[in-house]
Amino acid sequence: MTSLPELLSDPVFRKVGAVADTMGREAYVVGGYVRDLLLGRPSKDIDFVTVGSGIELARAVARALGRGTHVNVFHSYGTAQVKRRGMELEFVGARRESYNRDSRNPIVEDGTLHDDIARRDFTINAMALCVNDARFGELVDNYNGVQDLAARIIRTPLDPDITFSDDPLRMMRAVRFATQLQFTIHPETLDAIKRNARRLKIIVQDRITSELQKIMASPRPSIGWKLLHETGLLPLILPELEAMSGIEVMHGRGHKDNFLHTMEVLDNVAAATDDIWTRWAALLHDIAKPVTKHWDDAQGWTFQNHNYVGSKMVPRIFSRLHLPGTSEMRRVQKLVELHMRPAALVEDEVTDSAVRRLINYAEEELEPLMILARADLTTKNPEKKRHFLECYDIVESKFADIVAKDADRAFRPAINGNDIMELLSLPQGREVGYYLQNLTRASKDCEIGPTREDAIAYVLHLRDTAPYPGPDAPAKGAKAPKAD
């Protein structure tokens with residue numbers, strides 16, 4: 001056994017150990033907290049295991065800690081939580097578990113410390129540090145967790161087929177830990193995930209999505225999504241993303257592997273922002289490419305309108321994954337729809353009016369949109385990439401200039417509804433609103449000048465080229481007339 005008392009520097013460990021000693025109990029810090037201590041990672045929640053009642057030890061510890069300490073008891077789980085000054089201590093009695101094949105909810109019985117360690121998911125989480133005074137800081141490592149930490153390996157302490165069949169959520173946890181820690185899943189453990197992938201169907205969606213969110217918050221989320229693809233879990237979770245994998249060749253011409261492209265874009269976005277919804281937009285930005293893919297003899301492979309189709313797919317995906325369905329979903333939906341706009345802007349012309357239209361449409365998603373646009377540049381042609389990045393620099397430099405200009409201009413048309421009624425001899429009604437709405441848009445997008453004469457010329461041009469189509473038709477205006 002190795003003694004590591006220097007790792008348990010917080011006085012709370014001595015306090016818990018002293019209380020356990022007075023009760024004649026063994027007590028240990030276990031699981032993820034020990035793992036993170038050994039890795040030097042910050043960890044807030046501390047899990048304790050005692051041989052006996054965890055609830056009794058928790059209550060005794062709370063009394064010893066004194067005022068400001070609160071205890072929450074969960075009798076159905078045999079656990080208790082002690083909260084004090086931002087610290088959370090979890091207490092449970094050592095136990096062993098057995099499983100019914102149709103449920104991940106175990107049959108729990110009292111057990112020894114070694115029983116408790118053996119039931120844990122991975123060797124790196126199957127270590128314990130004693131807090132009793134006589135053995136304070138002594139490490140219990142029955143499954144070589146320290147060795148696996150050093151080797152950066154994820155593997156199960158027991159037979160991985162039994163581990164994953166008993167609790168299929170552990171397959172998602174293996175992928176999540178491999179992603180967060182950038183560890184490798186041991187080959188035998190990885191093969192067992194492949195064999196047991198279908199067992200994931202007994203897990204409720206919220207638990208799966210919780211793991212997905214942790215994967216997405218990791219420094220390189222692509223590690224997790226590639227592992228989900230490799231293990232066969234991805235078709236069960238997000239079949240639309242699985243469908244993006246692979247290359248189809250027609251007449252000797254193949255498109256790029258859109259799954260691998262998406263992984264590259266996702267990691268590029270993750271390197272630029274911690275915002276998880278911009279990361280989800282990166283994951284889903286090309287999600288409609290499989291359903292919009294088309295071969296054209298003249299153009300080759302095309303994915304026309306995949307951004308618009310993809311934006312329509314976002315609500316269904318969010319609903320199925322039990323992701324937030326209001327403002328967060330709309331943010332992702334807008335970014336998916338707009339992700340091609342910055343590149344199209346560069347290909348056309350970076351004019352003030354074009355930049356202004358992008359600002360007005362993107363609104364608060366403008367900065368995330370440009371992060372996504374830059375991340376989407378995965379071309380291996382350095383000259384093309386340099387050109388687009390320079391143009392994006394120009395676009396972003398115009399943002400501040402145009403916003404400053406717009407602050408001085410209210411974008412109110414130079415004429416109002418009454419002026420339009422008099423100009424066109426119209427009664428008050430929807431037709432007047434049609435002309436005023438288009439005039440307001442043209443003024444806001446700087447398609448016309450700011451003077452009264454400019455506004456009158458636009459309305460007359462609109463009447464002659466795109467008159468009011470009636471109350472049941474969509475209102476579409478004409479471009480402003482060119483100056484003579």
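Q: In this structure, contact means heavy atoms within 4.5 Å. Leaving out residues up to four places away in sequence, which residues does D286 touch?
A: Keep in mind that we're looking at a predicted model here. D286 sits in the loop between α14 and α15 (289-292). Once residues up to four places away in sequence are set aside, the ones D286 touches are M244, H261, T262, H306 and H339.

Q: Is D286 buried or exposed?
A: Being in a loop between α14 and α15 doesn't settle that, so let's check the accessibility, where under 20% counts as buried. D286 has a relative accessibility of 2%, so it counts as buried.

Q: Stepping back, how many helices and strands are in the chain?
A: The chain has 484 residues, and 47% of them are buried. As for its elements, the count is 24 helices and 16 strands.

Q: Is the chain more spread out than a compact globule, and what is its radius of gyration?
A: For 484 residues, the globule rule gives 23 Å. The C-alpha trace spans about 95 × 65 × 40 Å along its principal axes. The chain is more spread out than a compact globule, because its value is well over what the rule gives: the radius of gyration is 31 Å.

Q: What share of the exposed area do carbon and sulfur atoms supply?
A: Start with the total: the chain exposes about 23,800 Å². Of that area, the part supplied by carbon and sulfur atoms is 49%.

Q: Among contacts between residues at least 6 apart in sequence, what percentage join residues at least 24 apart?
A: Here we leave out contacts between residues that are not at least 6 apart in sequence. Of the contacts that remain in the chain, those joining residues at least 24 apart make up 65%.

Q: How many aromatic pairs turn up in the whole structure, and is the F48 and F91 pair stacked or edge-to-face?
A: The search of the whole structure finds 10 aromatic pairs. In one of them, F48 and F91 have ring centres 5.0 Å apart and planes at 10°. Planes under 30 degrees apart earn one label and planes over 60 another, and for F48 and F91 that label is stacked.

Q: Where in the chain do F48 and F91 lie?
A: This pair links distant parts of the chain, with the two positions 43 residues apart in sequence. Both F48 and F91 are buried, and they also belong to one aromatic cluster with F13 and Y33. As for their places, F48 is in strand β3 (residues 46-50) and F91 is in strand β6 (residues 87-93).

Q: Is the W225 and W280 pair stacked or edge-to-face?
A: W225 in helix α10 (residues 222-231) and W280 in helix α14 (residues 276-284) are 55 residues apart, and both are buried. Their rings are 6.1 Å apart, centre to centre, with 80° between the planes. Over 60 degrees is the cut-off that matters, which makes the W225 and W280 pair edge-to-face.

Q: Which residue's ring has the charged end of R341 over it?
A: There's a ring with a lysine over its face too: K334 lies 6.0 Å from the ring centre of Y361. The charged end of R341 is 5.7 Å from the centre of its ring, and that ring belongs to Y361.

Q: Which elements do the buried residues of helix α3 pack against?
A: Helix α3 (residues 54-65) has 12 residues and reaches 16 Å from its first C-alpha to its last. Its buried residues include G54, I55, L57 and A58. The elements that the buried residues of α3 pack against are α1 (11-22), β2 (27-30), β3, β4 (70-74), β5 (79-84) and β6.

Q: How far apart in space are E56 and R430, C-alpha to C-alpha?
A: E56 is in helix α3, and at 45% relative accessibility it counts as partly exposed. Beyond its neighbours within four places in sequence, E56 is in contact with M23 and R25. R430 is 374 residues away from E56 in sequence, and the distance in space is 74 Å.

Q: What is the phi of N305, roughly?
A: Most residues other than glycine have a negative phi. N305 goes the other way, in the loop between β16 (300-302) and α16 (306-321). N305 is partly exposed, with a relative accessible area of 48%. Its positive phi is about 60°.

Methods. Residues are numbered from 1 along each chain as its sequence is written. This is a predicted model: local features need pLDDT of at least 70, side-chain atom pairs count only at pLDDT 80 or more; totals for chains, interfaces and linings use all residues. Side-chain values use heavy atoms; hydrogens and water are left out. Rings of Phe, Tyr and Trp (its six-membered ring) pair if their centres lie within 6.5 Å; planes under 30 degrees apart count as stacked, over 60 as edge-to-face and the rest as tilted. Helices (H or I, at least four residues) and strands (E, at least two) are DSSP runs, numbered from the N terminus. Buried means under 20% relative accessible area, exposed over 50%, partly exposed in between (1.4 Å probe, protein chains only). A charge sits over a ring if NZ of Lys or CZ of Arg is within 6 Å of the ring centre and within 35 degrees of the ring normal. The radius of gyration is taken over C-alpha atoms; the globule rule is 2.2 Å times the number of residues to the power 0.38. Accessible areas come from the Shrake-Rupley method with a 1.4 Å probe; for residues, only the protein chains shown count as cover. The expected span of a helix is 1.5 Å times one less than its number of residues.
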